Structures are given as C-alpha cells and as structure tokens.
Amino acid sequence: MALQSFERRLERFVEGAFARVFRSGLQPVEIGRRLTREMDLRRTVAPKGVLAPNAFRVLLSGPDRAKFQAIEAELAKELVEVAKEHADHEGYSFLGPVSVALETDGSLRPGTLLVAGDMVPEQGVATLLLPDGRRVVLESTQVTLGRLPECELTLADAGVSRRHAAVRPGPGGTWVLADLGSTNGTKLNGRRIEGEQVLEDGDELTVGSTTLRFEVRAKSEIQAARAGPDNASSAGAPPAPGRARRSPAGTKGTPGAPPARGHGERAGALEG
C-alpha cells in the first residue's frame, strides 16, 4: 500500500527531463522497497506494541547520488511518508520522528544501495512548569528568576530577591540550578542548595513562596501545544485575550502562588 502511493507520488516530480534520467539504473521506488524491508527486518516487539526503525540512512554510489541530486530533498520527504504509511499498515510504532538521509558510499557500485535503520528515541525538551500552569521552554541560554523586570522569568513574590536564582545549561546537555546570592535562599526538592545543582526530570525548585517544576517533555508534545488554539507566545508577551495572568491554583505545595511573568526571548516560549 505505502509503495503504491509512493509510486503514484513519484510521477509528480520524476517526469519530463527527469524521466529520461530514470529510464535505466537504480529507480527511486527501489529505495522505498528497501526502506520498508529494513523496517520489517528490524522490527522489535515491545511491551506496548511493535517498534520499527525511525532514522534511516540511504547509502548510494557516487553516480547514483548525482543522478538523484535534483530531487533529493523531495525524495527524502516522500520516503519519510513511505515509512509512516508502512508503519500504519503493519501496526508499527516509532520511538521518535522519522528521518531519511541520503549519503554517498564510494564502495558501492552503480545500481546498488544500502539502507540502514535505527531506533532513535525522541530527544526531550527541558521546561519549567509555572505555578499558573504555563510552561517555559528552556533554550540554550541562562534563565534568571527574580523580581526585576530584566529577569528572564519575573516572579511577583515578595520573598524573591531581585535576582534570586538561575537555571542554565550544564555539562553533557544537562541543566543546573544556581542561587545568585538571594536573601532567602533557593531550595531544590525542599532542601536549600549551595553552588550549582544538576536538575532532573520532576525536580521542584522553590524561590520565596513560589515552586516551579523542572520537566523534560517530548518535542512533539511541545510542538502540539504551540500548534493548538491556545498556542505558545514568546516569554514576556502579554497573555492572550481572555486569559488571566493569575491562577487561583499553584503548583504542588504552593496553593495560590503568585504568577510568574516571562521576560525576554531568552527564556524561550510560554505554553498555555
């Protein structure tokens, strides 16, 4: 089914001058066949179903790669759709998003190819869950928490210092929490910290009477939230019409905690 749809879609962009190029030799549909075969061969039974590879490398000879160059981007997109349709038909699931990369292998003869598929988990996105239910997506720079408007995350909390604490990138792709010499200190899971502390999914950060939760979420979940009717806005942007900044419910252990205001693009995006 997936390959039949693939062949029909190929007709859109392999025609005219391109049709002469593909009269002989390696055909695009053969790549699709090898890709679905790789999925079938590498499938694995998991507790929640059957998993199949989601990250594919298509290795071609130099002459064949040159022949496909004009349609390579479109071909890669179509091969992604082939994988998704084949997975739907066979009942396979993926650990992460599907990707297809075409590469040159000088050891291959024209007309031959190799397809290698791997199961690559989706990489998580670090976020801070605010007391009012919104979520700050952490990017690549430091996020400062404090009362000052200049802070990336401004907190309307009398117990919070002007520049109270910071969440910043740490070694090996981690995120760390650091107190910035605040008056009342910074707590991680109820304990006051000294120096930098590496954050783990589910950790609770307390500054003043405000508690935020560090959570790692799937990229697809973040993208879906941004694409929804109550989509994300840049941190520091005013709330959408009809949305109040203050929420009567805080995070766990902080009922009625004061609202947080994101300030500046550096804090990432606020999810509703």
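Which residue in β6 stands opposite Phe-56? These close-ups of a predicted model start there and move outwards.

**Close-up 1. Phe-56 and its opposite number in β6.** Look across from Phe-56 and you land on Gly-117, over in β6. The two strands around this spot, β3 (residues 55-60) and β6, run antiparallel and are joined by six bridges.

**Close-up 2. The open sheet of three strands, β5-β3-β6.** Read the strands in that order and you'll find mixed pairing. The edges belong to β5 (99-104) and β6 (113-118): each has a single partner strand, so one side of each is left with no neighbour in the sheet. Going from one strand to the next, the twist averages 20°.

**Close-up 3. Helices α3 and α5 against the sheet.** Helix α3 (residues 28-42) lies across β3, β5 and β6, and runs at about 40° to β6. Helix α5 (residues 72-90) packs on the sheet too, where it touches β3 and β5. Its direction makes about 135° with that of β5.

**Close-up 4. Val-176 and its surroundings in strand β12.** Here we hop to another strand, β12 (residues 175-179), which holds Val-176. Is this side chain's residue buried or exposed? Val-176 counts as buried, because its relative accessibility is 3%, against a cut-off of under 20%. Leaving aside residues up to four places away in sequence, Val-176 touches a run of residues including Ala-166, Val-167, Arg-168, Pro-169 and Gly-170, plus Glu-196, Gln-197, Val-198 and Leu-199. For Val-198, 22 residues from Val-176 along the chain, the C-alpha atoms of the pair are separated by 4.3 Å.

Terms used: Residues numbered from 1 in each chain as written. Predicted model: local features only at pLDDT ≥ 70, side-chain atom pairs only at ≥ 80, totals over all residues. Heavy atoms only, no water. Pairing = 2+ DSSP bridges. Helix = DSSP H or I, 4+ residues; strand = E, 2+ residues; numbered from the N terminus. Axes fitted to C-alpha atoms, helices over the stretch in contact; angles between N-to-C directions. Contact = heavy atoms within 4.5 Å. Buried < 20%, exposed > 50% of the residue type's maximum accessible area, 1.4 Å probe, protein only.
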